[in-house]
Amino acid sequence: IRSVVTLVFLMFMIFQATRHMSLLIVQTFITTYMHDQIGLTIAEASFVYGFSSLIGVVAAPIGGYLSDRFGDRRWLMAAVGFSAASLMLSAFSPTTFVFSFLYCLSGFFNASTMGAGTSIIARLTPSSRRGLGYALYFLPASISGVAAPIIGAYAADAFGLWSIIPLSATITTLSLIMLK
């Protein structure tokens, strides 16, 4: 285990946990936000949410290509930064269409990080321990998945449902600083 769990590996896992926490805060409440605050029907809100996930089918290979072209860490930082910016801008959108576009754009950039993240894990783990490295790579999302809805619910209750978006963008930016 010591050959896998190094200081750099742990720092990357903390980045991943923080980033996934921000994603799960939004994902937990975004359809409710779109329905209650923006005025989309439940079906429309579900469509936007689903389309944002579906866009990952295109985003993941594009992100892999860009990761190869610009470097894993560099692309990961750019994609996470663009995702946070798109999400924050969506909170101030003047129209439903602009909100939906920016929310989906944020989803695109999130999905485009897959290749860079897994490449970094491959580099950080010895080839004989790669299975353990990948298993640990998915652990932060599960762990932060416990706390994210609670944090999001507290923020929504205390500051209104709208607050989940800037909170998530802020936590994403914090994760970006950790990655740097």
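**Exercise 1. Decide whether Thr 125 is buried or exposed, and describe its surroundings.**

Solution. Thr 125 has a relative accessibility of 4%, and because buried means under 20% relative accessible area, Thr 125 counts as buried. This value, like every other one in these exercises, was computed from a predicted model. The next step is to place the residue along the chain: Thr 125 sits in the loop between α6 and α7 (130–137). Then look at its side chain, where a polar atom lies 2.9 Å from the backbone oxygen of Ile 121. Finally, set aside the neighbours within four places in sequence, and the contacts of Thr 125 that are left are with Val 4, Phe 9, Arg 130 and Gly 133.

**Exercise 2. Describe the chain as a whole, beginning with its secondary structure and ending with its surface.**

Solution. Begin by counting elements: the chain has nine helices and zero strands, so that, read from the N terminus, the order of elements is α-α-α-α-α-α-α-α-α. Next, consider the overall dimensions, for which the C-alpha atoms fill a box of roughly 50 × 35 × 25 Å along the principal axes. A compact globule of 180 residues would have a radius of gyration near 16 Å, and the 17 Å of the chain agrees with this. Turning to the interior, 44% of the 180 residues count as buried. If one takes the contacts between residues at least 6 apart in sequence, 78% of them join residues at least 24 apart. As for the surface, the chain exposes about 9200 Å², of which carbon and sulfur atoms supply 71%.

**Exercise 3. Compare the span of helix α3 with the expected one, and find what its buried residues pack against.**

Solution. Helix α3 covers residues 56–70, which makes 15 residues. From its first C-alpha to its last it reaches 20 Å, and this is close to the 21 Å expected at 1.5 Å a residue. The second step is to list the residues of α3 that are buried, which are Gly 56, Ala 59, Gly 63, Gly 64, Leu 66 and Ser 67. These buried residues pack against α2 (42–54), α4 (72–91), α5 (96–111) and α6 (114–124). After the helix comes Gly 71, whose phi is positive, near 105°.

**Exercise 4. Take the neighbours Ala 17 and Thr 18, and work out which parts of the chain each of them touches.**

Solution. Start with Ala 17, which is found in helix α1 and counts as partly exposed at 22% relative accessibility. When residues up to four places away in sequence are not counted, Ala 17 touches Pro 140 and Ser 144. Ala 17 and Ser 144 are 127 residues apart along the chain, yet their C-alpha atoms are separated by 5.7 Å.

Now move to Thr 18, which is also placed in helix α1 but is buried, with a relative accessible area of 12%. Its side chain reaches the backbone oxygen of Ile 14 at 2.9 Å. Leaving aside the neighbours within four places, Thr 18 is in contact with Ile 171, Leu 174, Ser 175 and Met 178.

**Exercise 5. Count the aromatic pairs, and then contrast the pair of Tyr 33 and Phe 99 with the pair of Phe 47 and Phe 51.**

Solution. Rings count as a pair if their centres lie within 6.5 Å, and by this rule there are nine aromatic pairs. In one of them, Tyr 33 and Phe 99 lie 5.7 Å apart, centre to centre, with 50° between the planes, and the pair is tilted. Tyr 33 belongs to helix α1 (residues 7–38) and Phe 99 to helix α5, so this pair ties together parts that are 66 residues apart in sequence. Both Tyr 33 and Phe 99 are buried.

The other pair, Phe 47 and Phe 51, is stacked, with 6.1 Å from centre to centre and 20° between the planes. Phe 47 and Phe 51 are four residues apart in helix α2, which means that about one helical turn separates them. An α-helix has 3.6 residues a turn, so residues three or four places apart point the same way. As for accessibility, Phe 47 is exposed with a relative accessible area of 58%, whereas Phe 51 counts as partly exposed at 37%. To finish, note the cluster in which ring pairs link Phe 12, Phe 15, Tyr 137 and Phe 138.

Notes: Residues numbered from 1 in each chain as written. Predicted model: local features only at pLDDT ≥ 70, side-chain atom pairs only at ≥ 80, totals over all residues. Heavy atoms only, no water. Helix = DSSP H or I, 4+ residues; strand = E, 2+ residues; numbered from the N terminus. Expected span 1.5 Å × (residues − 1). Buried < 20%, exposed > 50% of the residue type's maximum accessible area, 1.4 Å probe, protein only. Contact = heavy atoms within 4.5 Å. Phe/Tyr/Trp six-rings, centres within 6.5 Å; stacked < 30°, edge-to-face > 60°. Rg over C-alpha atoms; globule rule 2.2 N^0.38 Å. Areas by Shrake-Rupley, 256 points an atom, 1.4 Å probe, with all protein chains shown as cover. Polar contact = N/O pair within 3.5 Å; in protein donor to acceptor, adjacent residues only side chain to side chain.
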